[in-house]
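Let's take a walk through this structure together, one piece at a time. Please have the sequence and the 3D view open as you read.

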Amino acid sequence: MKGWLIAHGHACKRALRRLALQPTVTLLSVLVIGIAITLPLGLYVAFANVSAAASRIKTEPNVNVYLALIVTEQETKELERKLKSLSNVDRVTFVSRETALAEMKRVASMGDLLASLETNPLPHAFSIRPKASDPATLEILRAEIAILPKVENIAMDFEWAQKLNRFSTFAERIVLLLGLLLAAAVVFVTGNTIRLQILTQKDEIEVSQLIGATRRFIRRPFLYFGATQGLLAGLVAVLAVMIFIWWAGAEVHALTVSYGSDFSLQAPTLQQSLVVILLSGLLGWLGAFLSVWMYLRRVSIR
Amino acid sequence: MISFSNTVKRYPNGFEALRGVSLSIEKGEIVALTGHSGAGKSTLLRLAAGIELASQGSVLVNNQNVSQLKEAGLAVMRRSLGLVFQDHKLLFDRNVFENVALPLSIAAFSHIETGKRVRAALDKVGLLNREKADPITLSGGEQQRLCIARAIVNRPATLIADEPTGNLDPEYAETIIDLFKSFNQVGVTVLLATHDEIGLARLSCRRITLDHGKLAA
């Protein structure tokens, strides 16, 4: 146990000394890897923000049926009965033109506009909750409703919200794909810096092996080197994203406030940041491991 | 301690450096390995040190068949040996002290113990006052002694040396030979390849002579 600690202490010290010996090279590698991680992390944060915004929008399927302006109460009752009898209709809610107007007046920016009107321009409407919401079934429902008397207009305005939802699933996959590609890039970049390290220490590795160093011993400082580089790069990526959010966040908030929303950009949480930094360290470790493994496999007698 | 039985070493290009060698070196013995250049002396030493593996036959070191050792086993076996190389194999990016400390770092010795042992080894070869020097500034004889210090710092039971007096002036060579004799006197098994007649005379020990990869009659 004591020997193990000493061995790791030695290896860690050597790795850090190697990093410190070439500050420029170290800085450049850390920045390259950091940028590679910033891309998927930044996209992830961006899409997380878009999804958060999208989840505030009602995406429950809802069909609005607007009636003609001039209808009798009898015709309205008749229509409600017919709508309820349709097979794909779950619930029907009547929204009178007075309720609609009152609701509209509550939206601040509309108040002035509506006050200037002499009569209520809004028709009666029915809000329908369909049983099935796949596009084909809804299209049938629309056709069924369209032929009913006194129906003026049918709006299925949840469609775009559904599209947005589907888009964010798509975006998640893009982020995942990009993340995987750039994770591989991090492994290769680290692998390459380690390969250069190995070349400058060929003699040391050779002599060490001749006098009884195990592969594990040879590998250890390189693993610390790769992991440290990865951790630093992860830190760079997290900081870069934080700085961007801080820089752009105020603008975004001001913009959304002007649209009557209190939406603001969310930075990655502490937990997410730690996961990214650790993951980056792990990738650096992996790159170093592969690089040393390939080298030792070539030079070993076994 | 070290025994070869019917050992053949064939290189990938087909050259047979050893063609069926059987010999045995006992614990505490000092043995000189001689023969013309290309007779297989270095190959025999490399097999004994587990740096290369036999193509046929076996090599036993401390009753372990070297060919059957796994990677980690080989490494541990090499630590029980002290190797002195013909070309020294010193590391020129670190000072004398750090060169000698390398085997101890591999064996995970503590800082204090490392300091003690390195200085004891340097004292033995007469380089104690040069511990901060760069190896490149040392003379050929001093570099050879530095290599010997690194070989003995781990207090191995066996020393294997390939032409340790190779390119040295006769008086330097004598001090090196005397060093090996002194190690043998405290119980270290020594296997030493040389074609230097003066050194051999001074060693006055058992000789094994190789001729074209076989033991000379």
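A good place to start is a pair of residues in chain B: B:Ser3 has B:Leu60, in strand S4 of chain B, as its bridge partner. The model you are looking at is a predicted one. That residue pair belongs to a longer run of pairing, since strand S1 (residues 2–10) and strand S4 (residues 56–61) of chain B run antiparallel and are joined by 5 bridges. Step back a little and you will see an open sheet of 4 strands with antiparallel pairing, in the order S2-S1-S4-S5 (chain B). Its edges are formed by strand S2 (16–25) and strand S5 (64–65) of chain B, each of which pairs on one side only.

Chain B has another set of paired strands to visit. Strand S3 (residues 30–35) and strand S9 (residues 206–211) of chain B run parallel, joined by 5 bridges. Within this pairing, B:Thr34 has B:Thr209 in S9(B) as its bridge partner. S9(B) also pairs with strand S10 (residues 214–215) of chain B, this time antiparallel and over 2 bridges. There, B:Leu210 is matched with B:Leu215 in S10(B). If you follow the chain from S9(B) into S10(B), you trace a hairpin with 2 residues between the strands, and in its turn B:His212 has a positive phi of about 45°. Both kinds of pairing rest on one principle: strands of a sheet pair through backbone hydrogen bonds, either parallel or antiparallel.

How is chain B divided into domains? The assignment gives domain 1 (1–80 + 157–217) and domain 2 (91–155). Their C-alpha centres lie 23 Å apart. The contact between them takes 9 residues from domain 1 of chain B and 10 residues from domain 2 of chain B. On the domain 1 side, helix H6 (residues 170–185) of chain B gives the most, with 4 residues. By class, that side of domain 1 of chain B has 7 nonpolar, 1 polar and 1 charged residues.

Now let's look inside. The largest nonpolar core has 83 residues, and those touching the most other members are B:Ala48, B:Ala149, B:Leu159, B:Ile160, B:Phe180 and B:Leu191. The largest share of this core, 7 residues, nevertheless comes from H9(A). Another core, of 22 residues, lies apart from it, and includes A:Ala36, A:Val186, A:Val236 and A:Leu283. Returning to the largest core, B:Ala48 is a handy residue to select: not counting residues up to four places away in sequence, B:Ala48 touches B:Ile2, B:Val59, B:Val61, B:Ile160 and B:Leu191.

Next, where do the two chains meet? Here 18 residues of chain A are in contact with 18 residues of chain B. On the chain A side, the elements giving two or more residues are helix H1 (2–21), helix H8 (202–210) and helix H9 (215–258). H8(A) supplies the largest share of that side, 5 residues. The chain A side divides into 8 nonpolar, 6 polar and 4 charged residues.

Chain A itself is divided into domain 1 (2–57 + 162–299) and domain 2 (63–157). Taken over C-alpha atoms, the centres of these two domains of chain A are separated by 54 Å.

Chain A also holds an open sheet, in which 4 strands pair antiparallel in the order S2-S3-S1-S4 (chain A). Strand S2 (89–95) and strand S4 (151–155) of chain A each have a single partner strand, so one side of each is left without a neighbour in the sheet. On average, neighbouring strands here are turned by 20° against each other, direction ignored. S2(A) pairs with strand S3 (residues 125–130) of chain A over 6 bridges, in the antiparallel sense, and A:Val92 stands opposite A:Ile128 in S3(A). Across strand S1 (63–67), S2 and S3 of chain A lies helix H3 (residues 73–85) of chain A, running at about 160° to S2(A).

Our last stop is A:Ile154, in strand S4 of chain A. Is A:Ile154 buried or exposed? The answer falls in between: A:Ile154 is partly exposed, because 17 other C-beta atoms lie within 10 Å, while a buried residue needs 20 or more and an exposed one has 12 or fewer. Leaving aside neighbours within four places in sequence, A:Ile154 is in contact with A:Val63, A:Val65, A:Arg142, A:Ile145 and A:Ala146.

Definitions and conventions: Residues numbered from 1 in each chain as written. Chains lettered and ligands numbered in written order. Predicted model: local features only at pLDDT ≥ 70, side-chain atom pairs only at ≥ 80, totals over all residues. Pairing = 2+ DSSP bridges. Axes fitted to C-alpha atoms, helices over the stretch in contact; angles between N-to-C directions. Contact = placed C-beta atoms within 7 Å. Domains from an automatic or database assignment. Nonpolar A, V, L, I, M, F, W, Y, C, P; charged D, E, K, R; others polar. Core = buried A, V, L, I, M, F, W, Y, C linked by C-beta atoms within 7 Å.
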